Amino acid sequence: MALLPIHVLGDPILRETTSTVAEVTDELRRLIDDMFETMHAAKGIGIAAPQVGRRERITVVDVDDNPIALVNPEIVRAEGKAKGEEGCLSIPDVYGDVERATRVVVRALDRDGKPFEVDGADLLARCLQHEIDHLHGKLFVDYLSVLKRRSAMARWEKERAKYPSLRRVIDPRDLAEQHNEEAL
């Protein structure tokens, strides 16, 4: 497995619509594994293929130690509404309140290409909607009011200097090894 660089706001790939996956291959299963590793190292709960520079309709989520890979996900039912704070691995240190459905049912293929459904509520529902939006070129800031979006974008302009084009994620195990070597 490998850590992948995370594309940040301003990269055109984040605004593109992804392509439907015709067949889940070994190469795509490796991508899914790399996406999980990258997401965990970045301390996220979801990441979509465009965020790691890929155009396939693939996302992974892990809410409450329940890792789920979704290929060609589609929301087939949505219920309720609630506002909640969201952030994004592609827009580090920027947050905003977004109204989302409180419960969704998503139909997708798993990492082996088998169809399944996931019924998500609360944080899982929010995460699923956020990641599926990425597959359609939509970001959480698109849901903010004009004033809140301006504020979020001003905050991003201050943070952006830290992330010239890609966000490099460092494996926590590498940091531990580096710390141990420095202590010797």
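Here are three short exercises with worked solutions on this predicted model.

Residues are numbered from 1 along each chain as its sequence is written. Local features need pLDDT of at least 70, side-chain atom pairs count only at pLDDT 80 or more, and totals for chains, interfaces and linings use all residues, while side-chain values use heavy atoms, leaving out hydrogens and water.

**Exercise 1.** Find out which strands stand at the edges of the open sheet.

*Solution.* Start with the strand order, S2-S3-S4-S7-S8, with antiparallel pairing (strands are DSSP runs of E, at least two residues, numbered from the N terminus; two strands pair if DSSP finds at least two bridges between them). Next, look for single partners: S2 (46-48) and S8 (115-121) each have one, so one side of each lacks a neighbour in the sheet. Finally, check the S2 end: 3 bridges join S2 to S3 (residues 58-62), and Gly46 has Val61 as its bridge partner.

**Exercise 2.** Is helix H2 largely enclosed or left open by the rest of the structure?

*Solution.* First locate H2 at residues 123-134 (helices are DSSP runs of H or I, at least four residues). Then count: 11 of its 12 residues are buried, so H2 is largely enclosed (buried means under 20% relative accessible area, exposed over 50%, partly exposed in between, with a 1.4 Å probe and protein chains only). Among the buried ones are Leu124, Cys127 and Ile132.

**Exercise 3.** Describe the surroundings of Arg103.

*Solution.* Begin with its place: Arg103 lies in strand S7 (residues 103-109). Its relative accessible area is 23%, which makes Arg103 partly exposed. Beyond four places in sequence, its contacts (heavy atoms within 4.5 Å) include Glu79, Asp119 and Ala125.

Terms used. Expected span 1.5 Å × (residues − 1).
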